[in-house]
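Got your viewer open? Keep the selection box handy and follow along stop by stop.

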Amino acid sequence: MEPNQKITPEWVASAKSRGEKIPALTAYDYPTARLLDEAGVPVILVGDSVGMVVLGYPDTTHVKLDEIRHHLSAVARAKTRALVVADLPYHTYQSAEDAVAHARVLVAAGADAIKLEGGVAVLPEINAFREAGFAIMGHIGMLPQSLKEEGGYKIKGRSEAERERLLADAVAVEKAGAFALVMELIEPELAREITERLTIPTIGIGSGPHCHGQILVIHDLVGAFPWFRPKFAVAKADVASAIRSAAEGFVKSVRSA
Ligand code: KIV
């Protein structure tokens with residue numbers, strides 16, 4: 001692939017056969033998308049995590065389609081080389097018709113691909129996306145949009161029944177045509193097994209080191225949301241302290257002028 005060529009879903013789908021790992025990060029605005037692109041991040045997700053780290057909601061179930069569209073439009077203005085994936089938020093894909101109509105809104109706003117949560121349960125929606133010509137990223141394991149039903153952010157795949165269900169979900173999502181699969185909070189040995197089983201890359205978050213790629217919420221990576229950071233996320237910067245100290249310096253300088 002040429003250095004400035006746009007990353008495609010096909011390029012991501014074949015990363016495993018090239019032995020290429022996939023780093024992915026979230027972005028919700030124009031400057032962050034440009035910075036991640038300049039840093040060589042190949043996949044940018046406009047995730048519904050925007051609800052928690054930007055909009056101040058307690059979880060992702062409060063995020064509306066129009067809020068994702070708004071942030072996605074800003075990211076799309078960065079015209080990144082990176083593939084831009086947008087999350088379909090809570091309750092926007094309860095039927096295949098709804099899913100396709102809402103995905104169209106996101107594609108019109110600049111999404112190169114659509115992510116939705118679930119495995120076998122969302123196969124009708126994934127099939128409808130494929131028929132409509134949308135590139136699909138799957139998401140299995142802990143599903144933040146089902147937080148209430150799941151009773152919290154817990155590791156998935158510890159019981160034999162759950163392992164079998166997650167394996168079946170992964171295989172079904174790949175077979176339905178997804179180009180990559182996010183695996184959130186999956187027990188690491190199961191994550192390894194699924195990664196070995198699939199042809200498309202698995203992109204892990206809190207699922208151990210054996211996935212074919214890793215994804216993080218940008219605020220967790222750069223320390224921009226100090227009030228909560230998941231245990232598995234290691235911050236590589238302290239943006240929150242930099243902002244606080246710049247603001248404190250500004251306050252002092254204005255008061256003393
Ligand atoms: O919304 C999001 O940021 C996500 C990632 C955590 C995978 O879905």
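Here is a short tour of selections, with a note on what you'll find at each one.

This is a predicted model, where local features need pLDDT of at least 70, side-chain atom pairs count only at pLDDT 80 or more, and totals for chains, interfaces and linings use all residues. Residues are numbered from 1 along each chain as its sequence is written, and side-chain values use heavy atoms, with hydrogens and water left out.

**Stop 1: the largest pocket**

Select Tyr-153, Glu-184, Ile-205, Pro-230 and Phe-232: of the 29 residues lining the largest pocket, these lie nearest its centre. A pocket here is found on a 1 Å grid over the protein atoms alone, as an open set of points where a 1.4 Å probe fits, with protein on both sides within 12 Å along at least five of seven lines; lining residues have an atom within 4 Å of a point. The space in the largest pocket is about 620 Å³, a volume filled by probe spheres set on the points, which are joined across faces, edges and corners.

Now colour α4 (50-53), β6 (180-184) and β8 (213-216), since each of them supplies at least two residues of that lining. Those labels come from DSSP runs numbered from the N terminus: helices are H or I with at least four residues, strands are E with at least two.

**Stop 2: just past β6**

Click on Leu-185, in the loop between β6 and α10 (188-197). Leu-185 isn't a glycine, yet its phi is positive, at about 50°. Is Leu-185 buried or exposed? Its relative accessibility is 10%, so Leu-185 counts as buried (buried means under 20% relative accessible area, exposed over 50%, partly exposed in between, with a 1.4 Å probe and protein chains only).

For another positive phi, jump to Lys-79, a residue other than glycine with phi near 45°. You'll find Lys-79 in the loop between α5 (65-76) and β3 (83-87). Lys-79 has a relative accessible area of 71%, so this one is exposed.

**Stop 3: salt bridges**

How many salt bridges does the structure hold? There are eleven, each with a side-chain nitrogen of Lys or Arg within 4 Å of a carboxyl oxygen of Asp or Glu.

Start with Lys-6 and Asp-112, whose side chains meet in a salt bridge at 3.0 Å, N to O. This pair links distant parts of the chain, 106 residues apart: Lys-6 sits in the segment before α1 (9-13), and Asp-112 in the loop between α6 (96-108) and β4. Lys-6 is partly exposed at 31% relative accessibility, and Asp-112 is partly exposed too, at 29%.

Next, select Glu-187 and Arg-163, a salt bridge with its closest N and O atoms 3.2 Å apart. Glu-187 is in the loop between β6 and α10 and Arg-163 is in helix α9 (residues 160-175), so the bridge ties together parts 24 residues apart in sequence. Glu-187 counts as buried, at 19% relative accessibility. Add Glu-193 to your selection and you have a network of salt bridges linking Arg-163, Glu-187 and Glu-193.

Stay in helix α9 for Arg-165 and Asp-169, which lie four residues apart, about one turn of the helix. Their salt bridge has its closest N and O atoms 3.5 Å apart. Arg-165 is partly exposed at 42% relative accessibility, whereas Asp-169 is buried at 8%.

**Stop 4: aromatic pairs**

Time for rings. A pair of aromatic rings is described by the distance of the centres and the angle of the planes. Rings of Phe, Tyr and Trp (its six-membered ring) pair if their centres lie within 6.5 Å; planes under 30 degrees apart count as stacked, over 60 as edge-to-face and the rest as tilted. By this rule there are two aromatic pairs.

In one, Phe-129 and Phe-134 have ring centres 6.0 Å apart and planes at 65°, so they are edge-to-face. Both Phe-129 and Phe-134 are buried. The pair of Phe-225 and Trp-227 is edge-to-face as well, at 5.1 Å centre to centre with 85° between the planes. Trp-227 counts as exposed, with 65% relative accessibility.

**Stop 5: strand β4**

Finish by selecting Ile-114, in strand β4 (residues 113-115). At 0% relative accessibility, Ile-114 counts as buried. Now measure across to Leu-45: the two are 69 residues apart in sequence and 9.3 Å apart in space, C-alpha to C-alpha.
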